[in-house]
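Colleague: I am new to this structure and would like a close look at a single part of it, the largest cavity. Please take me through what lines that cavity, and add whatever backbone details you think belong beside it.

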Amino acid sequence: MDLVNADCILVMGSNMAENHPVGFRFVVEARERGAEVIHVDPRFTRTSASASRYVAMRSGSDIVLLGALINHVLTGGHLFRDYVRDFTNGPSILPEGYVDAEDNGGIFSGFVADDLEAIPRAGPGDAAPHGDTAPASGDHGRYDPDRAHWSYGEGAPAGPDYRIDRDPTMEHPRCVLQVLRRHFARYTPEMVERVCGTPRADFEAVARALVENSGPDRTSVICYAVGWTQQSVGPQIIRAATILQLLLGNIGRPGGGILALRGHASIQGSTDIPTLSDLLPGYLPQPLAGGVHADLDAYCAAVQQPRGVWGNAPSYIASLLTAWYGDAGGADRGYRWLAKRTGDHTEQAAFADMLAGRLKGYLVLGQNPAAGNTNSTLVREALKRLDWMVVRDLFETETASFWSKAPGADPTTIGTEVILMPAAASAEKDGTFTNTMRLLQWHEKAVDPPGDARSESWFMYHLGRRLKELYADSTLERDRPVQALTWDYAAHTPPPRFRIVDEPDVERVLAEINGWRVEDGGARGAQLSDLGELRDDGSTACGAWIYCGVMPEEGRNLAAARDPAGPIHRGWGFAWPRNIRILYNRASADAEGQPWSERKRYVWWDERAGRWTGVDQPDFPPATRPDHRPGPEATGLAAIAGDSPFTLKSDGKAWLFAPTGLLDGPLPTFYEPTEAPERNPLYAQQGNPLLRSRDDLPGNLKVAPGDPRYPHLLTTFRVTEHHVSGQMSRWSSWLAELQPEQWLELSPELAAELGVTAGGWVTVATPRATVEARALVTRRLRPFTVGGRTLHQVAMPFHFGYSGLVTGDIANDLLSLTEEPNVFINETKALMCAVRPGRRER
């Protein structure tokens, strides 16, 4: 909703108008109020048509364009100096031994090509310092958040002699700001033309718009989606945007920030209370087996930070365990029962385990990996090796029917027992959605699902109930986690119009997620109203600390609040944490606590009242004065200075230079995609040095840089009329009629070169697969001049498969399976292919 307050909106890595149309209404409103809207994308889309300016850029070159924008700000005198000096680590001085990728062929000092199988991913905030778990940066100098000092090498002493030095002038040659200047110096408008294929005039127009609409009186916002995340350097692209926005002073202020456009309905909720193998609710790391997470005390020591919000991490994990196991957990609250990570447990690793015969069973809820995953040919081969698979979905998906309907499938040779269980649609169940602005919104069941279809809540509740009954009499210690698990969500009495009477009480689930006080004897007490009430002694239970406050009283569900009054609609739903609508909003006031300008007045210090106030809930300790300086003994939020708005960081400062948390380096560096049209023109290092290419998997071959057999650049995309791999939308007759057939978008120039006619058949080939599609010849795509030669980009939606009312070849068959080193995501937005006229050989 805050988009309406922006003076400039840069949409990059997203086709927001088509893929997030409800959120895009606020972009349209901002444009009507006079905001400049810029869309940077390889394709001209409906977002481009709704923008003030469209800028074309070839897929996979985002960091070059963003890096050039950073360089423009630094060299052109456009820095919001007071903001950067006071609120970021720009003045911090790096150790003498630090060697930047700029001076080392694209590799940061201390790089060690360790086996990534042995390296855990970073935990919350700054829980994994470079040099400890990060193989890419073992010796380049690291910030130790536990002792707040810079150290260098393995034998560096700790203590006050190594306290972080800050140069408020930001002129010291080793201060972060000067390191940034040198690092991004080669990212120039000329390099943007050379690598991105973006004309210099277009780049300069983007730079001018951002600079003119940033500062004390104006703010700009950046919106992105999977066009950024699904790349081999996805987190570093987002880091580059972060650096740009911090240099311009656009974080924590109305109309500013970086908006991660999350997927349909509740993808944000699915990471908050996660469906991810490395996270517990509230972004607590799933513990590792042994070592650093050997027991609860060791886990807390590894996760807790001495200062900031993560200073209370022991209370977050203790309250979570108490919610799950009650008083049965004993001294360690049941930590010994938590599943521990022993390696890579991501979905890609699961398919590798299937192929190797190590994984025998698979439960699939609301996913369709047989068509929705990269290299889905390999995925379908892996599914053949299972003993059993349970699929819960609205329709018979490609995953449910792979054994009979997939191309070339022979049911007589596939031993996998597939059980398809019908699921309820969203209108057929109670619950919450958490959207891209962290907003929880309650939705009520409208009708019963048909026949035997049931909600996920029903399925999980009754599965857990039956398992607890089966294990009730066991005397084995290994069965204690199931026996001890609290499972008090008994069915509630539905209104008479509903026939299903054994649905669990989902509001009771939300009440547990919110948390309550634990009375003597383990009885459930009053609901908690704020995450500051959480304790590590078993006296509080809370299923997700970031959601604490959504149900502050029994029967009072703030997710169901529907008061739209006020400039930021704080009475509508509940935004975690603490119903804060803009994170880090202390940064909307200067170091002394006064608004940067009246026009952008948002949160400020009220000297008379002795507290922070404004139009939003302050994201800062309410009584901490702007001139507060903590003593050396202070911990948690009390240890954050009054001019340090970024309380999720242990130093309270935003990180232009990321000393921890990213395995592939502290600053964004351009690496070509896994498959690239040429060698990297910026550095000797071609691709992300820590990328896991999974070349060990059969049929997962890659295209070498510049391979003439695959001259065309391919990206995948989605459209409004279909939903992800099409498992819901292709069964809808109306949507199927709107988009009935797989197609490939290509420019008129490429069509003429290949002899392709509009509506005719084309074949697209990669080393993984060959698929066919109808040719959509369109000026939405245009040739790029990259490295002095013409590069043609093509694009294909990934919504089709072999099940449904309409079918088509699967675009994801073309893609390779790779894993970005920080979050293990696949690269889907830039790969090389060969387009030929005609149909695939059969």
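Modeller: What follows describes the largest cavity and then turns to some backbone details in the loops. Please keep in mind that this is a predicted model, in which the count comes to four cavities of 30 Å³ or more. The largest cavity has a volume of about 310 Å³, and among the 23 residues that line this cavity, Gly13, Ser14, Asp41, Gly227 and Lys829 are the closest to its centre. Two or more lining residues come from each of strand 2 (36-41), helix 9 (226-229) and strand 23 (712-717), and of these strand 23 gives the most, with three residues. Sorted by class, the lining of the largest cavity holds seven nonpolar, 11 polar and five charged residues.

As for the backbone, the loop between strand 29 (793-797) and strand 30 (831-837) contains Phe824, which is not a glycine and yet has a positive phi of about 60 degrees. Phe824 counts as buried because its relative accessible area is 7%, which is under the 20% cut-off. A positive phi, near 65 degrees, is also found at Arg438, a residue other than glycine, and Arg438 sits in the loop between strand 13 (431-434) and strand 14 (439-443). With a relative accessible area of 10%, Arg438 is likewise buried. Finally, Trp576 and Pro577 are joined by a cis peptide bond with omega of about -15 degrees, and Pro577 belongs to the loop between strand 20 (574-575) and strand 21 (603-606).

Definitions and conventions: Residues numbered from 1 in each chain as written. Predicted model: local features only at pLDDT ≥ 70, side-chain atom pairs only at ≥ 80, totals over all residues. Heavy atoms only, no water. 1 Å grid on protein atoms, 1.4 Å probe; cavity = no way out; pocket = protein on both sides within 12 Å on 5 of 7 lines; lining within 4 Å. Points joined across faces, edges and corners; volume = space filled by probe spheres on them. Helix = DSSP H or I, 4+ residues; strand = E, 2+ residues; numbered from the N terminus. Nonpolar A, V, L, I, M, F, W, Y, C, P; charged D, E, K, R; others polar. Buried < 20%, exposed > 50% of the residue type's maximum accessible area, 1.4 Å probe, protein only.
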